[in-house]
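Please consider the model displayed below. The paragraphs that follow lead through it, beginning with an aromatic residue in the interior.

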Amino acid sequence: MKKSALIFAAAVSITVAGMAQVDPKKQTPESTEIWDPVPRVVTPGTASGSKTSSAPSDAIVLFDGRNLDSWKSSKNDGAAPWLIAGDAMTVKPGSGDIQTKQEFEDFQLHIEFRTPAKVEDEGQGRGNSGIFMQGIYELQVLDSYNNRTYSNGQAGSIYKQSMPLVNASLAPGAWQTYDVVYTAPKFNKDGMMTHPPYITVLHNGVLIQNHTAIRGTTPYVGLPQVKPHGKGPIKLQDHHNSTSFRNIWIREL
Ligand code: MG
């Protein structure tokens with residue numbers, strides 16, 4: 001049997017294992033219907049990326065433009081020192097990273113970002129920020145619209161590891177979306193990583209990371225390091241650029 005056929009056979013046996021065993025000769029259309037459990041009804045959010053967009057009904061809203069109550073300073077656990085204007089929060093350069101008070105494991109995350117309309121720098125200095133999964137693994141935020149830098153450091157990269165499949169960046173000053181599906185790594189009792197973190201990212205609705213394995217930490221200098229950890233926050237980076245965020249919500253999986 002070919003490898004693909006073996007994988008298919010394994011997948012079928014797992015699927016069928018959950019159903020009542022039926023004599024193959026007596027199978028009917030109904031014998032492969034699953035009626036229980038029933039997927040929950042969720043009211044979708046509206047118009048992702050638009051000014052009037054809203055979160056799905058079962059999401060934890062992390063930022064809706066009103067306050068930073070769900071966030072704290074990563075430096076000192078004090079109040080998150082970033083600025084709020086309109087429906088957005090903006091990095092206060094030099095004030096440090098901020099992170100959610102709540103910690104997460106596997107999740108779907110929606111976040112919108114805007115790099116400064118006035119372009120003042122180039123490369124890594126243009127609208128640089130970042131979104132750290134579990135406070136550790138950086139999904140790069142950058143103005144990558146006609147702005148060449150190293151590919152595994154441009155917008156949508158897993159920083160210094162995996163470049164995005166394509167560059168779906170909008171012009172500076174435009175609101176953009178990341179929709180992330182993330183599963184946390186697993187470690188055995190000796191601290192070895194038995195399953196890496198996986199991340200899937202849509203940038204402005206375009207797939208840019210497709211179930212990408214994250215190899216470890218995402219440092220500026222050096223190779224990824226593997227360190228055992230449990231739940232962690234969503235952390236946003238102060239990279240001394242006035243990048244803004246809005247409409248942030250998360251669904252635990
Ligand atoms: Mg960054």
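F104 has a relative accessible area of 0% and is therefore buried, the limit for that class being under 20%. The structure is a predicted model, and the description of F104 leads directly to its ring partners. By the distance rule applied here, the count comes to 5 aromatic pairs. In one of them, the ring centres of F104 and F107 are 6.4 Å apart and the planes meet at 70°, so the pair is edge-to-face; the cut-off for that class is over 60 degrees. F107 is likewise buried, with a relative accessible area of 0%. Ring pairs extend this arrangement into a cluster of F104, F107 and Y182.

F107 also introduces strand β6, which comprises residues 107-114. Of the 8 residues in β6, 6 are buried, so the strand is largely enclosed by the rest of the structure. Strand β9 (residues 176-183) runs antiparallel to β6 and is joined to it by 7 bridges. Within this pairing, Y182 of β9 stands opposite F107; Y182 and F107 thus recur here as members of the aromatic cluster. Strand β15 (residues 244-252) is also antiparallel to β6, again with 7 bridges between them. There, R246 in β15 is the bridge partner of E112.

Strand β15 contains a backbone feature as well. N247 is placed in this strand and has a positive phi of about 45°, although it is not a glycine. At 13% relative accessibility, N247 counts as buried. N146 also has a positive phi, about 50°, and is not a glycine. N146, however, belongs to the loop between β8 and β9 and is exposed, with a relative accessible area of 70%.

The loop between β8 (137-141) and β9 also holds L165. Which residues make a nonpolar surface patch with L165? They are V166, V206 and L207, and the patch made by these residues together with L165 covers about 310 Å². L165 itself counts as exposed, at 55% relative accessibility.

Two further local features complete the account. K235 lies over the face of F132, at 4.8 Å from the ring centre. In the backbone, the peptide bond from D36 to P37 is cis, with omega near 5°. P37 is found in the loop between α1 (3-17) and β1 (60-63).

Conventions. Residues are numbered from 1 along each chain as its sequence is written. This is a predicted model: local features need pLDDT of at least 70, side-chain atom pairs count only at pLDDT 80 or more; totals for chains, interfaces and linings use all residues. Side-chain values use heavy atoms; hydrogens and water are left out. Buried means under 20% relative accessible area, exposed over 50%, partly exposed in between (1.4 Å probe, protein chains only). Helices (H or I, at least four residues) and strands (E, at least two) are DSSP runs, numbered from the N terminus. Two strands pair if DSSP finds at least two bridges between them. Rings of Phe, Tyr and Trp (its six-membered ring) pair if their centres lie within 6.5 Å; planes under 30 degrees apart count as stacked, over 60 as edge-to-face and the rest as tilted. A charge sits over a ring if NZ of Lys or CZ of Arg is within 6 Å of the ring centre and within 35 degrees of the ring normal. Patches are made of residues with over 30% relative accessible area and no salt bridge: like charges are joined within 9 Å, nonpolar side chains (Val, Leu, Ile, Met, Phe, Trp, Tyr) within 5 Å. Accessible areas come from the Shrake-Rupley method with a 1.4 Å probe; for residues, only the protein chains shown count as cover. A salt bridge is a side-chain nitrogen of Lys or Arg within 4 Å of a carboxyl oxygen of Asp or Glu.
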